[in-house]
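Visitor: I am new to this structure and should like to understand the terms used to describe it. Would you kindly take me through them?

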Amino acid sequence: MIRETIEIINKLGLHARASAKLSHLANSFASDIFLIYNGERIDAKSLLGILTLAASVGNKITIETNGKDEKKALKEIVALFKGKFHEKS
Amino acid sequence: MNKGLVITHGNLGRELIAAAEGILEEKVDIDCLSFEWEDDGSETLSKFEHYLNKNQGNNIIIFTDMFGGSPTNICFKFSMKNIEIITGVNLPGLLKFLTYKDKDISFKEIVKTVKKGAIDGINLISEYLGEKKK
């Protein structure tokens, strides 16, 4: 199991479209993937689960991956956050 | 195969599906029937029966806008093991269905999960914030 904590840098935070991209990406991996934020731990493969976090820009969030492709999963999910979910701002 | 059909008054269903497509950034596999204002029920019922004939053998979740409304009433009697009707359609419920319908779990489990997703999508923000402050 590996983890990384990063800051949310896209302006709209984990809004619906960003959460959809994140859950879609998470579902492409065999590993279990969780997001830990504000004392809550949710399944990153659930779009509605991600939305319940209501995580905004500037907040720090921990990504946890556990499984045979955990390194690749963590790397690609971190890249999605750092790439602002392909948004302009 | 698990199929979805949204039946609502006017364009509500079409717009909900358009919103889901905007969020998921892809065309989604779900059908829609609009109960038009001038319809006495026969037109929508005819389209609905045509839909059921076309989808025989599939599991179907029908999303209607309101318990007691005409879109719900016309399909009420068709509720059976492989045709479930969920009233009070909302965006969280639709998104749950669209992201779960192809999973390798039973239709019963999908229906239960979709209903829960729809209900959990209704929150009172003051209560939510109250919980967070505890």
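Guide: Let us begin with the two chains. In this predicted model, 13 residues of chain A are in contact with twelve residues of chain B, contact meaning heavy atoms within 4.5 Å. The model's local features need pLDDT of at least 70 and side-chain atom pairs count only at pLDDT 80 or more, while totals for chains, interfaces and linings use all residues; side-chain values use heavy atoms, with hydrogens and water left out. Residues are numbered from 1 along each chain as its sequence is written, and chains are lettered from A and ligands numbered from 1 in the order in which they are written.

Visitor: What is meant by the area that chain A and chain B bury between them, and how much is it?

Guide: Buried area is the accessible area (1.4 Å probe) that two parts lose on being put together, summed over both. For chain A and chain B the value is about 930 Å², with 57% of it on carbon and sulfur atoms. On the side of chain A, 45% of the area buried against chain B comes from A:Arg17, A:Leu47 and A:Leu48, more than from any other three residues.

Visitor: What makes the pair B:Glu25 and A:Lys21 a salt bridge?

Guide: The term requires a side-chain nitrogen of Lys or Arg within 4 Å of a carboxyl oxygen of Asp or Glu. B:Glu25 and A:Lys21 have an N to O distance of 3.3 Å, and therefore satisfy the rule. Across the interface of chain A and chain B, one salt bridge is found, whereas the whole structure has ten over all chains. Among the ten is the pair A:Arg3 and A:Glu64, whose closest N and O atoms are 2.9 Å apart. This pair links distant parts of the chain, as A:Arg3 lies in strand 1 (residues 2-7) of chain A and A:Glu64 in strand 4 (residues 60-66) of chain A, 61 residues apart. Helices (H or I, at least four residues) and strands (E, at least two) are DSSP runs, numbered from the N terminus.

Visitor: Why are helix 1 of chain A and helix 1 of chain B called oblique to each other?

Guide: Helix 1 (residues 16-26) of chain A and helix 1 (residues 12-24) of chain B pack at about 60 degrees, their axes 7 Å apart. Axes are lines fitted to C-alpha atoms, for helices over the stretch in contact, and angles run from 0 to 180 degrees between N-to-C directions. Angles under 35 degrees count as roughly parallel, over 145 as roughly antiparallel, 65 to 115 as roughly perpendicular and the rest as oblique. The two helices are therefore oblique. Here A:Ala16, A:Arg17 and A:Ala20 meet B:Gly22, B:Ile23 and B:Leu24.

Visitor: Why are helix 4 of chain B and helix 5 of chain B called roughly antiparallel?

Guide: The axes of helix 4 (residues 91-100) of chain B and helix 5 (residues 107-120) of chain B cross at roughly 150 degrees and come within 7 Å. The angle is over 145, so the two helices are roughly antiparallel.
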